[in-house]
Amino acid sequence: MRFIFHDRDGDSVTISGIICSREEELVRRLAKTTAELIQKDIQIQDHESSLDDYASQISRDFEELVWTRELANHIQQTDLRNPLFELVDQIFPTLLDTIQASQLSLIQYDSPIIPSGENDPIPTGQLSFRHVGNEILDQASIQSLLKRYSHQARLHPIVKNQCSTSQIVQLRSFILVPIYSRNEEFGWVLAINRTDSADVLPSYSDVRKHDRHQPEFGTFEAGLMQSSASFIASHAKNSTLLLEQKDLLVGIVRVMINTVDAKDHYTCGHSDRVAALSRVIAANLQLCERECEEIYLSGLLHDVGKIGIPDHVLQKTNRLTQNEYHLLKQHPVIGARVLKHLSQISYVLPGVLYHHEQINGSGYPEGLVGEQIPLSARIISVADSYDAMTSDRPYRKGMSAETARSILEKNEGPQWDENVLNAFFQAWDEIQEICMDTSQSNLSLKTTMPADLISRAVEMTHTGPGVETV
């Protein structure tokens, strides 16, 4: 009698010899039991292998979840006004470790394109690069890679392993993913050369225990790259929309100022000077840069309400009648009413509405007293009054700087804020440079106060005897 048993690896065990019938039955039972045990051992090994696969997949899922959450937090906390490279500097080091790449690169267009198809060329003359990790490929090699594979990558992420070529000998493997959102392409994310070095493994990553010695990119790495590119594309799209909104806002501000200047050519340049003086005062009061720019924009728009004042009142060459003066005093209210619909610059409203209030409560439109008057309005009041006194008007010539200064000093307290005046006088030389009363200075002001300064302000903020200053 002969019995042959086969184990999992194909090896066999043979039992043979002459035995009696009783012994034969015992041997049969032993053989059956042994076969069952071998089969159970095979099943256990299969289950252990499946458990390893499940553990690996769970680790991958957890790793992807951790990375996605971290990326979302970075996106949420990143200011849309900051360059895209700043976001990449924050998120790429972790992504580089997670996908175990030697180099991770952002290739960004100067401006987004709308490809009509996958074969549209890459605007190679308008590319910016950012690298994390070891610089395996230079910019020329990356451009060559883009030219060769971008048409495929626009359809789905490209994953290539064992791809060394004579053209790019350093390249072993890569993943290429477009940064794409709402029909707009902003650039590319490129991972180069999978590494199996344990030195780059995240501390929480169990998955690396299973695939540490498989230095190839796979669907897991491609999925993380695609998720990251989607987040980056969303951020880039929102940044583009914010820039467009800022440009529109800058245009609206400039149109408003030009409209006021066109209605009253005697005060042409007045808003620019008041804005510049106000910013100097704010800086001397140790206000932060954002507050200085908010006050600058408030100064630019402080007289926008004159759009609603009749031309015969604004351009009258004689003294105004009481009724005409009452009309003119409405321009702060009109200005606030016009601007209240621009929620992005709502911070200008206090300066626009209250820049004719006086410390002793004798100003308008509400007769506020002391610190009831917003600081921005107290600052603009000094700047506005000084420029009004030193500028020519239809009914009088402008006074000298020293005369205007003496009036400001005399009415410190009743009309103007003491601290604001001190900050104003501390910057006296700078004030004179801004308000030079020659035709050359007026020309200089018109060329140095253009939309670029308004743009900066929007970008930074986005967001006694009464002296006649109306």
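This section describes a five-stranded sheet, the helices packed on it, and a helix pair in a predicted model.

The sheet is open and its five strands follow the order S4-S3-S7-S6-S5, with antiparallel pairing. Strands S4 and S5 (158-160) occupy the edges; each has a single partner strand, so one side of each lacks a neighbour in the sheet. From one strand to the next, the twist averages 15°.

Strand S3 (residues 101-113) is paired with S7 (residues 184-194) through eight bridges in the antiparallel sense. With S4 (residues 127-133), strand S3 forms seven bridges, again in the antiparallel sense. Ile-107 illustrates the position of S3 between these two strands: its bridge partner in S7 is Trp-188, and its bridge partner in S4 is Phe-129. Towards the other edge of the sheet, S5 and S6 (residues 174-181) pair in the antiparallel sense over three bridges. Within this pairing, Ile-158 lies opposite Leu-176 of S6.

Two helices that pack on the sheet were examined. Helix H2 (residues 84-99) touches S3, S4 and S7, and its direction makes about 150° with that of S3. Helix H5 (residues 219-263) touches S3, S5, S6 and S7, and its direction makes about 30° with that of S6. Strands S3 and S7 are thus touched by H2 and also by H5.

A further helix, H7 (residues 289-300), was considered for its length, burial and packing. At 1.5 Å a residue, its twelve residues should span 16 Å; the end C-alpha atoms are 17 Å apart, which agrees with that expectation. H7 is mostly covered, with nine of its twelve residues buried. The buried residues are Cys-292, Glu-293, Glu-294, Ile-295, Tyr-296, Leu-297, Ser-298, Gly-299 and Leu-300.

H7 packs against helix H12 (residues 375-390) at an angle of about 55°, and the two axes are 10 Å apart. The two helices are therefore oblique to each other, and H7 passes H12 in a right-handed crossing. On the H7 side, the contact is made by Ile-295, Ser-298 and Gly-299; on the H12 side, by Ser-376, Ile-379 and Ile-380. An α-helix has 3.6 residues a turn, so residues three or four places apart point the same way. The H7 residues in this contact, Ile-295, Ser-298 and Gly-299, are also among the buried residues of that helix.

Conventions. Residues are numbered from 1 along each chain as its sequence is written. This is a predicted model: local features need pLDDT of at least 70, side-chain atom pairs count only at pLDDT 80 or more; totals for chains, interfaces and linings use all residues. Side-chain values use heavy atoms; hydrogens and water are left out. Two strands pair if DSSP finds at least two bridges between them. Helices (H or I, at least four residues) and strands (E, at least two) are DSSP runs, numbered from the N terminus. Axes are lines fitted to C-alpha atoms, for helices over the stretch in contact, and angles run from 0 to 180 degrees between N-to-C directions. Contact means heavy atoms within 4.5 Å. The expected span of a helix is 1.5 Å times one less than its number of residues. Buried means under 20% relative accessible area, exposed over 50%, partly exposed in between (1.4 Å probe, protein chains only). Angles under 35 degrees count as roughly parallel, over 145 as roughly antiparallel, 65 to 115 as roughly perpendicular and the rest as oblique. A crossing is left-handed if the near helix is turned anticlockwise from the far one by less than a right angle, and right-handed if clockwise.
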